[in-house]
Amino acid sequence: MAAYFRPTTLEEALAVRAAQPVTVLAGGTDVYPIRANKVGWGDMHRDDVLDISAIAELKEIEQTADRLRFGALTTWSQMRRADLPEAFAGYQAASRDVGGVQVQNRGTLVGNICTASPAGDGIPCLLSLDAEIELASARGRRTVPIQDFITGYRQTVCGHDELVTAILIPRPPAGAVGDFLKLGARRYLVISIAMVAAVIAADDTGVIHHASVAVGACSEVAKRLHDLEAALLGQPLASAPDLIEHAHFAALKPIGDLRASGHYRDSAARDLVRDLFVRLSAEPKRRAA
Amino acid sequence: MPKVSMTVNGQAVSADVEARTLLVDFIREQLRLTGTHVGCDTSQCGACVVHVDGRALKSCTTLAAQCEGASVTTIEGLAKGDDLHPMQEAFRENHGLQCGFCTPGMIMSAVDMVKRHGGKLDEQTIRHELEGNLCRCTGYHNIVKAIAAGSEAMTSSGRVAAE
Ligand SMILES: Cc1cc2nc3c(=O)[nH]c(=O)nc-3n(C[C@H](O)[C@H](O)[C@H](O)COP(=O)(O)OP(=O)(O)OC[C@H]3O[C@@H](n4cnc5c(N)ncnc54)[C@H](O)[C@@H]3O)c2cc1C
């Protein structure tokens with residue numbers, strides 16, 4: 001019979017993590033469904049379980065002058081209700097559409113990136129916000145930029161003795177506004193065919209001075225569109241939808257699967273980015289609601 | 001085997017359970033409260049929704065051991081004796097069910113919805129919030145009507161603040 005650990009401090013958790021292979025359990029909304037094939041998630045006979053959900057120090061959201069820190073147990077519900085800068089409006093919009101209220105009450109932002117699914121809705125949001133991931137082990141702490149944290153299909157750099165402790169996001173530039181759009185086969189409870197997150201800042205005259213745009217579900221790991229971002233800088237925000245070119249999407253390698261063909265994803269990604277730019281340029285302020 | 005202790009529908013319960021026991025299995029098999037249903041086993045359908053510390057969640061995504069010390073409310077905990085909860089009454093009045101399998105989860109989600117929105121529920125909000133609850137026979141119309149009516153009844157009977 002496998003053991004079950006439910007420590008209340010990070011230090012104890014890291015000691016357990018260092019001592020044996022364990023399945024890390026946060027909200028459980030990915031761990032359970034992937035094992036629900038009636039063998040039950042019977043792995044527990046083999047792997048011990050490290051339930052981190054009782055570690056109070058991982059539950060805080062902290063805002064300081066230069067950055068925001070989301071503890072590893074921050075749930076989608078906490079995210080959607082938090083009072084955050086306008087640049088987070090996209091991440092908050094994504095959090096309203098992840099799996100329904102009951103899943104949002106349990107599922108964590110960090111569990112979403114550790115699962116590292118190409119369709120993980122939080123990942124393009126974090127890319128657009130230049131997030132860093134903080135990891136801890138008995139050996140010490142380190143931070144890794146989000147684009148280096150996820151290395152492939154369901155693969156991350158999180159070591160066997162490590163836990164992710166927080167998501168760190170630098171305070172976005174003045175006037176930055178974020179947005180997120182997801183396309184699925186239906187409106188609700190759906191895995192994304194493609195999604196886009198962007199953070200754009202324009203000055204008083206409407207000229208773009210910061211742009212980050214990321215697309216998910218169109219490559220193994222969600223990608224920033226650096227060429228598109230470069231094309232936006234110095235241009236009027238109102239012209240953003242017209243500046244999109246096919247070549248800006250060269251970084252994506254959409255595959256065909258049961259949800260959509262590669263060709264469909266390719267054109268859907270462009271349409272989503274255009275729709276998002278239209279929204280951002282039409283109403284640059286107030287999108288939190 | 002971990003020992004878990006929690007409060008279920010106001011009563012203290014405790015038992016030794018295998019660590020991997022899901023909350024829904026604990027509720028159904030150990031406590032014999034079979035109003036909470038298992039529809040899909042993949043956290044999609046919402047038939048197993050209960051409240052844990054005042055929050056709606058799918059009890060098939062949670063280990064019983066993760067609810068140590070928590071206060072759990074199941075569908076059986078809503079009625080006061082023979083008096084149905086206003087939301088249960090609204091489902092009956094509006095015929096918000098056909099086969100009834102999804103109903104316990106629908107009602108638990110509905111009560112949570114009203115509590116969070118303070119009784120000001122329009123149709124669009126109700127439909128969005130029902131994202132996590134699937135019904136395969138009603139077509140949802142009467143469920144939405146029932147929730148709107150239940151929301152008003154909860155507000156006028158003062159139950160929104162009380163729970
Ligand atoms: C019905 C349903 C609908 C869903 N819809 C969506 C959706 O629309 N979009 C979407 O992106 N996702 C969706 N999901 C997936 C899921 O809810 C999210 O990915 C969620 O954020 C996972 O978080 P969790 O805390 O539940 O993770 P868990 O299931 O607890 O863990 C997930 C993985 O991360 C690891 N892990 C967790 N925390 C840490 C840590 N601190 N350090 C190291 N490893 C860790 C675990 O070991 C495991 O491998 C859905 C799930 C369900 C059941």
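**Chain B, from one strand outwards**

In strand β2(B), B:V13 is the bridge partner of B:M6. I start with that pair and work outwards. Keep in mind that this is a predicted model.

So, strand β1(B). What joins β1(B) to β2(B)? Six bridges do, and the two strands run antiparallel. They form a hairpin, with two residues between the strands. In that hairpin, B:N9 takes a positive phi near 50 degrees. Most residues other than glycine have a negative phi. Hold that thought; two more cases come later.

Now look at the side chains of β1(B). In a regular strand they alternate between the two faces of the sheet. Here they do alternate. B:V4, B:M6 and B:V8 point to one face and are buried. B:K3, B:S5 and B:T7 point to the other face and are not buried. Our opening residue, B:M6, is thus on the buried face.

What about strand β5 of chain B? Strand β1, residues 3-8, pairs with strand β5, residues 71-73, in the parallel sense. Two bridges make that pairing. B:V8 has B:V72 as its bridge partner in β5(B). B:T7 stands opposite B:S71 in β5(B).

Next, the whole sheet. In which order do the strands of chain B lie? The order is β2-β1-β5-β3-β4, in an open sheet of five strands. The pairing is mixed. The edge strands are β2, residues 11-16, and β4 of chain B; each pairs on one side only. From one strand to the next, the twist averages 35 degrees.

A helix goes over part of this sheet. Helix α3 of chain B, residues 103-117, lies across β3 and β4 of chain B. Helix α3 runs at about 40 degrees to β3(B).

Step back to the full chain. Chain B has six helices and five strands. Along the sequence the pattern reads β-β-α-β-β-β-α-α-α-α-α. How compact is chain B? Its radius of gyration is 15 Å, close to the 15 Å that the globule rule gives for 163 residues, so chain B is as compact as a globular protein of that length. The C-alpha trace spans about 45 × 30 × 25 Å along its principal axes. Buried residues make up 48% of the 163 residues. Now take the contacts in chain B between residues at least 6 apart in sequence: 63% of them join residues at least 24 apart.

On to domains. The assignment for chain B gives domain 1 as 3-77 and domain 2 as 86-162. Their C-alpha centres lie 21 Å apart. How many residues of the two domains are in contact? 14 residues of domain 1 of chain B are in contact with eleven residues of domain 2 of chain B. On the domain 1 side, strand β3 of chain B, residues 49-52, gives the most, with three residues. By class, that side has seven nonpolar, seven polar and no charged residues.

Compare that with the side of chain B facing the partner chain. 21 residues of chain B are in contact with 23 residues of chain A. Which element of chain B gives the most here? Strand β4, residues 55-58, with four residues. This side of chain B divides into seven nonpolar, eight polar and six charged residues. So, to put the classes together: no charged residues on the domain 1 side inside chain B, and six on the side that touches chain A.

A brief word on chain A. Its domain assignment gives domain 1 as 1-51 and domain 2 as 176-282. The C-alpha centres of those two domains are 36 Å apart.

Back to backbone angles, as promised. B:R32 has a positive phi of about 55 degrees, although it is not a glycine. Where is B:R32? In the loop between α1, residues 23-30, and β3 of chain B. Buried or exposed? B:R32 is exposed, because 7 other C-beta atoms lie within 10 Å, and 12 or fewer counts as exposed.

B:H95 is the other case. Its phi is positive too, at about 50 degrees, and B:H95 is not a glycine. B:H95 sits in the loop between α2, residues 86-93, and α3 of chain B. B:H95 is partly exposed, because it has 13 other C-beta atoms within 10 Å, which falls between the limits of 12 for exposed and 20 for buried.

That is the tour.

Note on methods: Residues numbered from 1 in each chain as written. Chains lettered and ligands numbered in written order. Predicted model: local features only at pLDDT ≥ 70, side-chain atom pairs only at ≥ 80, totals over all residues. Contact = placed C-beta atoms within 7 Å. Nonpolar A, V, L, I, M, F, W, Y, C, P; charged D, E, K, R; others polar. Rg over C-alpha atoms; globule rule 2.2 N^0.38 Å. Domains from an automatic or database assignment. Pairing = 2+ DSSP bridges. Axes fitted to C-alpha atoms, helices over the stretch in contact; angles between N-to-C directions.
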